[in-house]
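Open your viewer, switch on a cartoon view and keep the selection box handy. We will go stop by stop, with something to select at each one.

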Amino acid sequence: VSHQALPTKCKLLFGLLSAAIMPNPQKYRTYLRRLVAIESKGAQEVALRAKHLLEHSMLADLRAAVARSLSGLEMFHISDISDAEVEVKKKRQQNSMPESEL
């Protein structure tokens with residue numbers, strides 16, 4: 001890798017990251033990981049921007065996974081569970097009462 005004109009190359013990469021990759025970073029994760037690994041002092045800004053985009057794409061996946069998990073739990077609302085428990089307790093109490101009290 002040539003270090004000549006490094007600031008110009010970094011400026012170009014930073015612009016590409018912001019304009020082309022930011023709208024849909026999931027497609028570019030392998031490239032973003034490679035850019036994050038850059039340790040050159042002159043390319044720190046590019047590496048940091050790539051890291052933010054990579055984190056953003058991972059958070060989007062995490063949000064989707066959480067949403068899928070929560071949508072599966074919608075049928076188990078706390079109020080529904082407590083209502084069901086109340087009904088079970090009522091039935092148990094009715095079944096345990098002597099016939100003379102019914």
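## First stop: Arg49

Select Arg49, and you land in helix H3. Helices here are DSSP runs of H or I with at least four residues, while strands are runs of E with at least two, and both are numbered from the N terminus. What you are looking at is a predicted model, in which local features need pLDDT of at least 70 and side-chain atom pairs count only at pLDDT 80 or more, while totals for chains, interfaces and linings use all residues. Residues are numbered from 1 along each chain as its sequence is written, and side-chain values use heavy atoms, with hydrogens and water left out.

Now show what surrounds Arg49. Leaving aside neighbours within four places in sequence, Arg49 is in contact (heavy atoms within 4.5 Å) with Phe14, Leu17, Ser18 and Met22. Try a C-alpha distance too: Arg49 and Leu13 are 36 residues apart along the chain, and their C-alpha atoms are separated by 9.7 Å.

## Zoom out: the whole chain

Colour by secondary structure. You should find four helices and zero strands, in the pattern α-α-α-α along the sequence. Of the 102 residues, 15% count as buried. Buried means under 20% relative accessible area, exposed means over 50%, and partly exposed lies in between (1.4 Å probe, protein chains only).

Turn on the surface. The accessible surface of the chain comes to about 8400 Å², and 60% of that belongs to carbon and sulfur atoms; the areas come from the Shrake-Rupley method with a 1.4 Å probe, and for residues only the protein chains shown count as cover. Among contacts between residues at least 6 apart in sequence, 59% join residues at least 24 apart.

## Helix H1

Select residues 6-21, which make up H1. Which residues of H1 are buried? They are Leu6, Cys10, Leu17 and Ile21. Looking down the axis of H1, these buried residues fall within an arc of 60°, so they line one face of the helix. The arc is that of the directions from the helix axis to the C-beta atoms. A reminder for this view: an α-helix has 3.6 residues a turn, so residues three or four places apart point the same way. Rotate to the other side of H1 to see Pro7, Thr8, Lys11, Leu12 and Ala19, which are exposed.

Stay with Leu17 for a moment. Beyond its neighbours within four places in sequence, Leu17 is in contact with Met22, Leu32, Leu35, Val46, Arg49, Ala50 and Leu53.

## The nonpolar core

Show these side chains as spheres: Leu6, Cys10, Leu17, Ile21, Leu32, Leu35, Ala43, Val46, Ala50, Leu53 and Leu54, the 11 residues of the largest nonpolar core. H1, H2 and H3 each supply at least two residues of this core. Such a core is a set of buried Ala, Val, Leu, Ile, Met, Phe, Trp, Tyr and Cys residues joined through side-chain atoms within 4.5 Å.

## Helix H2 and its salt bridge

Next, select residues 29-36, which form H2 and include Arg29. In H2, Arg29, Leu32 and Leu35 are buried. Down the axis of H2, the buried residues fall within an arc of 120°, so they line one face of the helix. The face turned away from that buried side carries the exposed residues Thr30, Tyr31 and Arg34.

How many salt bridges does the structure hold? There is one, and a salt bridge here is a side-chain nitrogen of Lys or Arg within 4 Å of a carboxyl oxygen of Asp or Glu. Pick Arg29 and Asp61: they form a salt bridge, with their closest N and O atoms 2.4 Å apart. Arg29 lies in helix H2 and Asp61 in helix H3, so the pair ties together parts that are 32 residues apart in sequence. Arg29 is buried, with a relative accessible area of 16%, whereas Asp61 is partly exposed at 37%.

## Last stops on H3

Select Ser57, also in helix H3. Ser57 is buried, with a relative accessible area of 0%. Leaving aside neighbours within four places in sequence, Ser57 is in contact with Pro25, Gln26 and Arg29.

Finish at Leu48, in helix H3 (residues 44-73). Buried, exposed or partly exposed? At 46% relative accessibility, Leu48 counts as partly exposed. The C-alpha atoms of Leu48 and Ile38 are separated by 9.5 Å, with the two residues 10 apart along the chain.
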